Amino acid sequence: MQRVFIGVVLFIASALSPVYASFDKAMEDYTAGHYKEAYRNFHALAAIGNYSSMFNIGVMYFRGEHVQKNPVEAWAWMQLAASHTESDSMSATAAKIFAALPEESRTTAQARLQALTEVYAAEKIQADLSPVLLADAECDVDRTPVFKKKPRYPRWELNQGRFGRVVLEYSVMPAGHVRDIEVVQSTGAEFSRAAAISGLSYRYEPLAVTEPTRGVNTAVSFSIHARPGDVNSRELATELNDWKVKAETGDPIAQYVYAQRIGVLRSFRKYMRDVDLEYQTANRWYLEAARQGVPQAQFQIGRNMVVGRGCEADRKNGLKWISAAAVAGIPEAQKFLASNAGEMPEPERRDHALRWLKNAAANGHYFSGVLLAWELVTGAVDADPEELQLAQDMMDAEPENYFDEVRILETKAAVAAANGEFKKALQLQQQALDSAKDLEWDLRDLKHRLEAYTGGDRWRGPYYYDIALE
């Protein structure tokens with residue numbers, strides 16, 4: 001058995017799969033001895049058809065890393081990977097392990113391989129991860145805007161004669177106002193701020209739902225030849241078509257950019273009626289790029305599948321794409337997983353959320369740091385000194401590309417309350433309430449927290465608590 005063990009090594013070369021960034025990250029965790037994280041990551045990549053990761057799961061079972069040693073399970077995973085690749089080294093290693101199994105274990109191993117094949121066969125994975133596309137008319141995911149204030153052109157940029165474009169992403173609340181504005185693309189900081197300030201005034205048709213509508217995108221243009229917010233539809237259509245031509249050559253980055261531009265330019269649909277801006281068209285190209293290993297595309301197609309945007313809703317398989325993107329280090333995917341734990345019991349949900357939010361915050365995603373601070377100080381169990389310090393560190397950071405001052409103030413208030421500083425918490429919460437009142441937002445949640453701090457209690461529970469339409 002020792003002789004076989006010496007020949008069992010992790011499959012390091014990722015040439016069998018295009019998911020380079022994700023696979024490399026999983027290997028980094030393994031090499032650093034973070035076996036639990038590596039095991040999770042290999043499983044996430046196995047779910048999207050990365051057979052190198054499947055082989056390495058087998059190695060971990062053989063060596064007993066994070067999991068109990070199990071040569072039967074090890075062989076089944078390794079043989080699964082070998083049977084879907086042309087790797088001689090995989091096949092040879094699997095053959096050695098099988099030869100060393102006792103006769104009575106071989107039948108069990110074959111049965112386990114069959115069970116894994118039913119889940120991880122290439123045809124099965126491709127079918128599961130391909131969304132059932134639907135036309136916009138067949139979906140009900142877009143909220144209807146009723147008011148969008150045009151942004152002010154930044155004076156410095158105007159004097160310099162500079163053109164600007166900003167892409168905002170935000171959540172729309174049941175009552176119709178906009179929260180959690182992030183700048184996801186921008187030609188400059190002043191343009192970002194002007195567009196975000198404008199975004200705070202957006203209003204949508206109210207909708208009888210109990211959760212915000214997340215991931216809404218809007219593009220804002222600034223041109224010295226037009227008023228801010230006006231659109232040169234011909235120029236945008238030409239730019240979009242240029243990306244389409246590049247996408248059709250098979251370039252995965254162009255495929256992603258083309259799909260992403262379709263989603264962004266949907267906010268200009270009334271000016272571009274002859275241009276295909278359907279979500280299902282974007283999904284086709286996101287899927288092509290995702291299959292070629294572009295993590296950002298994996299996140300976008302996964303999120304669209306989860307919410308049913310341009311396709312039938314498929315939460316289970318959409319999360320597979322998002323998990324792969326999260327392994328690759330895409331902070332938006334990590335934040336999404338943290339906020340979408342499903343029906344996990346509370347201790348497990350909190351561990352899941354903290355795991356991904358810490359990763360996203362470490363990758364420089366400011367909003368994830370805010371969410372992490374909230375998660376640390378508003379749970380059922382009081383935060384320990386180390387968690388309190390981490391929460392404080394998150395809120396001491398300068399906001400970057402995030403423009404919901406109300407949430408920032410409320411999170412700072414929650415951290416202060418968790419530290420027993422209720423006077424400070426009240427001051428911060430009142431500032432948040434005043435700002436929300438000026439924006440004519442729903443104030444119920446803010447008032448609930450103000451009452452808690454007035455009574456000397458910290459806030460326990462989610463940020464969005466009482467937001468359904470009255």
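Helices (H or I, at least four residues) and strands (E, at least two) are DSSP runs, numbered from the N terminus. The exercises below concern a predicted model, in which local features need pLDDT of at least 70 and side-chain atom pairs count only at pLDDT 80 or more, while totals for chains, interfaces and linings use all residues. Residues are numbered from 1 along each chain as its sequence is written, and side-chain values use heavy atoms, with hydrogens and water left out.

**Exercise 1. A loop residue**

Determine where L134 lies and which residues L134 touches.

Solution.
- Step 1. L134 is found in the loop between α8 (122–128) and β1 (145–147).
- Step 2. Buried means under 20% relative accessible area, exposed over 50%, and partly exposed in between (1.4 Å probe, protein chains only). With a relative accessible area of 16%, L134 is therefore buried.
- Step 3. Contact means heavy atoms within 4.5 Å. Not counting residues up to four places away in sequence, L134 touches C139, Q280, G310, C311 and E312.
- Step 4. From L134 to H66 the separation is 68 residues in sequence and 42 Å in space, C-alpha to C-alpha.

**Exercise 2. The open sheet**

Establish the strand order of the open sheet of 3 strands, and state which strands stand at its edges.

Solution.
- Step 1. Two strands pair if DSSP finds at least two bridges between them. Strands of a sheet pair through backbone hydrogen bonds, either parallel or antiparallel.
- Step 2. Strand β2 (residues 164–172) is joined to strand β5 (residues 213–222) by 8 bridges, and the two run antiparallel. Within this pairing, Y170 stands opposite V216, and V167 has A219 as its bridge partner in β5.
- Step 3. Between β2 and strand β3 (residues 178–186) there are 6 bridges, again in the antiparallel sense. Here V167 is partnered by Q185 of β3, and L168 by V183 of β3.
- Step 4. The order is β3-β2-β5, with antiparallel pairing. β3 and β5 stand at the edges, each with a single partner strand, so one side of each has no neighbour in the sheet.
- Step 5. Axes are lines fitted to C-alpha atoms, for helices over the stretch in contact, and angles run from 0 to 180 degrees between N-to-C directions. On average, neighbouring strands of this sheet are turned by 25 degrees against each other, direction ignored.
- Step 6. Helix α10 (residues 189–199) packs on the sheet and touches β2, β3 and β5; its direction makes about 35 degrees with that of β2.

**Exercise 3. Burial in β2, β5 and α16**

How many residues are buried in β2, in β5 and in helix α16 (residues 331–339)?

Solution.
- Step 1. In β2, 9 of its 9 residues are buried. G164, V166, L168, Y170 and V172 point one way, whereas R165, V167, E169 and S171 point the other way.
- Step 2. In β5, 8 of its 10 residues are buried.
- Step 3. In α16, 7 of its 9 residues are buried, namely P331, A333, Q334, K335, F336, L337 and A338.
- Step 4. The cover over these buried residues of α16 includes β3, α14 (295–307), α15 (315–327), α17 (346–362) and α18 (366–377).

**Exercise 4. Two helix contacts**

Classify the packing of helix α12 (residues 252–265) with helix α13 (residues 279–291), and then that of α13 with α14.

Solution.
- Step 1. Two packed helices are described by the angle between their axes and the distance between the axes. Angles under 35 degrees count as roughly parallel, over 145 as roughly antiparallel, 65 to 115 as roughly perpendicular and the rest as oblique.
- Step 2. The axes of α12 and α13 come within 8 Å and cross at roughly 155 degrees. The pair is therefore roughly antiparallel.
- Step 3. In this contact P252, Q255, Y256, Y258, A259, Q260 and I262 of α12 meet T281, A282, W285, Y286, E288 and A289 of α13. Ala, Val, Leu, Ile, Met, Phe, Trp, Tyr, Cys and Pro count as nonpolar, Asp, Glu, Lys and Arg as charged, and the others, Gly among them, as polar. The contact of α12 with α13 has 9 nonpolar, 3 polar and 1 charged.
- Step 4. α13 and α14 pack at about 135 degrees, with their axes 8 Å apart. α13 is therefore oblique to α14.
- Step 5. N283, Y286, L287, A289 and A290 of α13 meet A297, Q298, Q300, I301 and N304 of α14. This contact of α13 with α14 comprises 6 nonpolar, 4 polar and no charged residues.
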